[in-house]
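I open this page to record what I looked up on helix packing, pockets and cavities, one entry per topic.

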Amino acid sequence: MAHNASVKVVKNAYLVDGTGKKPVKDTTIVIKGNLIEDVGKTVDVSSGAEVIDAAGRTVMPGLIDAHVHICFNGDPNLLSVLNYPPGLIQLFGAYNASKTLEAGYTTIRDMGTPFGYALALKKAIEMGIARGPRIVAPGRIISQTGGHADFYLPSGVTYNEMSLISDGPSETRRSARINLRDGVDFLKICTSGGVMSPSDPVDTPQFTVEEIKSVCEEANHVHRSVASHAHGPTGIMNAILGGVKSIEHGSIQTKETVKAMVEHGVFQVPTLTASWNIIQKGTAAGIPDWAVAKAKEIADYPQKSLMLCYKAGVKVAAGTDAGTPFNRHGENAKELELMVAAGLKPIEAITCSTKIGAEACYLGAKTGTLEKGKWADLIVIDGDPTADVMLLQDKAKIRLVMKAGTVEVNRGI
Ligand SMILES: [Zn+2]
């Protein structure tokens, strides 16, 4: 009988469904078109369906990275961007997106690209003219003068193609509107200093609560959310008070900020991989000395903050900050290893990289778990990542990647 092209069946799966529940052996997943039609041990399988036999392998949701910079390559110094023609930066994005998909990631949330290219790349992928994960895109980063996303060099040269530099609530409001006019999925702001910006101490606050509120109000008017880069507690707290729903890095969380995170339902995205790479590779690899010094200054905190958040019930979404020095696209699963090293169980790190990641992208109703009615975003992998998350870093073991019912990668199954 001819295959019913729109129906696929994954059988004999060791199912890790992304909800955090115990894995279930011998599960069948029925996929119709782009959706999961059924999941279970005894489900009806229509004849003529295309069968994918996952015997001896794990089937789990496609991974989600809630914090990447898809157009950056992991160069030691982000100022390398000054040497690249804009068109080349776009092509980097397409290349990196493909790498990310190959690694089993079916959704990513971008946190800033020159010219807001992530939005164009998202559309290209949707149109089928580029290959990559589904992208959730922010437009240009909104930053204050001298803030984390103000690429200002001592010579007076600026590179502000990544950002909209805004001061005062009327400017921040306008910047929000400019991004929203482009149809972005969410807005990204910076409410503290950063590691990869030379002149702002990492834990100092940026933007006033009034400025932050103006951005959040505009986003909320059109049912969008705001994510904020924030390392220190004042920057984190100001962001929460202003209405931000996702704290990026959140390196120095305190009892007070964690309490506020829980009360306001704010996500924590720890990005452990970013500082790990900067500290491991160091100045010898060409990373600017000030960036290495800043990463070392806060080195003791991110793992502790992750566990403080997790234990208090904050929703923690895995994000790598891929694109920062030596933090390469396609190696995103390093974050799970570091989350486990910080104290999470493997299944918890997986849930942070699937279900909670989807929720942070505001796609929780559509992806992140393998449940009836959701997009068929899944990977088939050799071995059991709930016993060893390191398996997820070995692309040869990721035998198949399916995004919305389409097999995007097949390494032989
Ligand atoms: Zn970032």
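**Entry 1, helices 3 and 4.** I looked first at which residues of helix 3 and helix 4 touch, and I find Pro169, Thr172, Arg173, Ala176, Arg177 and Leu180 of helix 3 against Glu210, Glu211, Ser214, Val215, Glu217, Glu218 and Ala219 of helix 4, where contact means heavy atoms within 4.5 Å. By class this contact of helix 3 with helix 4 has 5 nonpolar, 2 polar and 6 charged residues (Ala, Val, Leu, Ile, Met, Phe, Trp, Tyr, Cys and Pro count as nonpolar, Asp, Glu, Lys and Arg as charged, and the others, Gly among them, as polar). I note that this is a predicted model, in which local features need pLDDT of at least 70 and side-chain atom pairs count only at pLDDT 80 or more, while totals for chains, interfaces and linings use all residues. Residues are numbered from 1 along each chain as its sequence is written, and side-chain values use heavy atoms, with hydrogens and water left out.

The axes of helix 3 (residues 169-181) and helix 4 (residues 209-221) come within 8 Å and cross at roughly 30°, which makes helix 3 roughly parallel to helix 4. Axes are lines fitted to C-alpha atoms, for helices over the stretch in contact, and angles run from 0 to 180 degrees between N-to-C directions; those under 35 degrees count as roughly parallel, over 145 as roughly antiparallel, 65 to 115 as roughly perpendicular and the rest as oblique. Helices (H or I, at least four residues) and strands (E, at least two) are DSSP runs numbered from the N terminus. I record the crossing of helix 3 and helix 4 as right-handed.

**Entry 2, helices 5 and 6.** For helix 5 (residues 233-242) and helix 6 (residues 255-264) I have axes that come within 10 Å and cross at roughly 20°, so helix 5 is roughly parallel to helix 6. Pro233, Ile236, Met237 and Ile240 of helix 5 make the contact with Glu256, Thr257, Ala260, Met261 and His264 of helix 6, and these residues divide into 6 nonpolar, 2 polar and 1 charged.

**Entry 3, helices 7 and 10.** Helix 7 (residues 272-281) and helix 10 (residues 334-342) pack at an angle of about 90°, with their axes 9 Å apart, and I therefore list helix 7 as roughly perpendicular to helix 10. Their contact is made by Leu272, Thr273 and Trp276 of helix 7 and by Lys334, Glu335, Leu338, Met339 and Ala342 of helix 10.

**Entry 4, open and closed spaces.** On a 1 Å grid over the protein atoms alone, a cavity is a set of points where a 1.4 Å probe fits but cannot get out, and a pocket is an open set with protein on both sides within 12 Å along at least five of seven lines; lining residues have an atom within 4 Å of a point. The largest pocket has a volume of about 230 Å³, and of its 15 lining residues I find Val136, Asp185, Cys361, Tyr362 and Leu363 nearest its centre. Strand 8 (residues 134-136) gives the most to this lining of the largest pocket, with 3 residues.

The largest cavity has a volume of about 320 Å³, and of its 26 lining residues His148, Met196, His249, Asp321 and Thr324 are the closest to its centre. I divide the lining of the largest cavity into 14 nonpolar, 10 polar and 2 charged residues.

Terms used. Left-handed = near helix turned anticlockwise from the far one by under 90°. Points joined across faces, edges and corners; volume = space filled by probe spheres on them.
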